[in-house]
Amino acid sequence: MNIKKILKIILPLVLGGLLVWYSISKISIEILIDYFKEANYTWIFLGLFFGVLSHLSRAYRWKFMLDPLGFKPKFTNSVLAVLVGYLVNLAVPRAGEVSRALVLKNYEEIPFEKGFGTIVAERIADLIMMLCIILITLFVQFDFIYELLTKNFNPTKIIIGLAILIIAFYILTSIIKKAKSGFLLKIKTFVSGLIEGVTSIFKIKKKWAFIFHTLFIWAMYVAMFWATIPAIEGLEVPLGGILIGFIAGGFSIAATNGGIGLYPIAVAGALALFDIPAEPATAFGWIMWTAQTAMIIVFGGLAFLFLPIYNKDK
């Protein structure tokens, strides 16, 4: 393993550790532990139940995308691959998508590039759903979203960056298309399989079922966030706060390993906009993150162990 790969693994963990320290500095450990002790775990487990439903739905939706390519993986393997992917993402961001494709390659003999292509297509569908939630939130809390975008993004720089990327992509694509041998031909073959996997979303036979599961997955994500709020006695969050807190938490998960350290900060910051005290808001963020992470570690770990047992004949 080279230095760059090591740094990709270590730096997010170091950043997460610093963020944990920063978050804990805002609330004493003793008080945080009290919140965990006094939390109503009925609501927490209800939230986790919604989370489990979202994972099962994601695994089932994946089958719709693989079907047009001629592959029909076992639902159990699809579920286990999804759980393993979430677990791997805790250690190395975005590596979970690779591990999902590798699981089906090893146990269902689905070519990696095609399986990975369907996962990319799946992420595009998820991105669309996140944008939809942001648009809904924009109507609910327009001032907050507008301030967030204008503060963190420079429109001119974005346009210049996109122009450079488009030109570079065009040049690279032209070179790869002309490849007839060697390493570039391997890239061409890989990209072809990847594109086939991505475009599988347009060949889905059960389009309405795919749309239903996509909506259901994200409804369960929001429901998981909403259901955990009553776990802290007296914590009341309006609809706008739920949506903004959910979005902030979602972005934090993408920024660090599973949102370690950053998730409680992001959620507390979002809830602070609605005059919710920092102490219960931060405690809620920690309880929410801990519950999600524990679920991923437990189910992901069991999936790792169960995969070779379930596929012992292969």
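Me: Helix pairs with an angle over 145 degrees count as roughly antiparallel. In this predicted model, why are α4 and α5 called roughly antiparallel?

Reply: Helix α4 (residues 75–91) and helix α5 (residues 95–108) pack at about 150°. That value is over the 145 cut-off, so the pair counts as roughly antiparallel. Their axes lie 7 Å apart, and the crossing is right-handed.

Me: How do you know which residues of α4 and α5 make the contact?

Reply: Look for heavy atoms within 4.5 Å. On the α4 side that picks out N77, A81, V82, V84, G85, V88 and N89. From α5 come A95, G96, E97, S99, R100, V103, L104, Y107 and E108. Sorted by class, the contact has 8 nonpolar, 5 polar and 3 charged residues.

Me: Now the other pair. Why are α12 and α13 called oblique?

Reply: Helix α12 (residues 262–272) and helix α13 (residues 278–310) pack at about 140°, with axes 8 Å apart. Roughly antiparallel needs an angle over 145, and roughly perpendicular covers 65 to 115. An angle of about 140° fits neither class, so α12 and α13 are oblique to each other. The crossing here is right-handed.

Me: What makes up the contact between α12 and α13, by class?

Reply: Y263, P264, V267, A268 and L271 of α12 touch a set in α13: A281, T282, F284, G285, W286, M288, W289 and Q292. Split by class, that gives 10 nonpolar and 3 polar residues, with no charged ones.

Conventions. Residues are numbered from 1 along each chain as its sequence is written. This is a predicted model: local features need pLDDT of at least 70, side-chain atom pairs count only at pLDDT 80 or more; totals for chains, interfaces and linings use all residues. Side-chain values use heavy atoms; hydrogens and water are left out. Axes are lines fitted to C-alpha atoms, for helices over the stretch in contact, and angles run from 0 to 180 degrees between N-to-C directions. Helices (H or I, at least four residues) and strands (E, at least two) are DSSP runs, numbered from the N terminus. Angles under 35 degrees count as roughly parallel, over 145 as roughly antiparallel, 65 to 115 as roughly perpendicular and the rest as oblique. A crossing is left-handed if the near helix is turned anticlockwise from the far one by less than a right angle, and right-handed if clockwise. Ala, Val, Leu, Ile, Met, Phe, Trp, Tyr, Cys and Pro count as nonpolar, Asp, Glu, Lys and Arg as charged, and the others, Gly among them, as polar.
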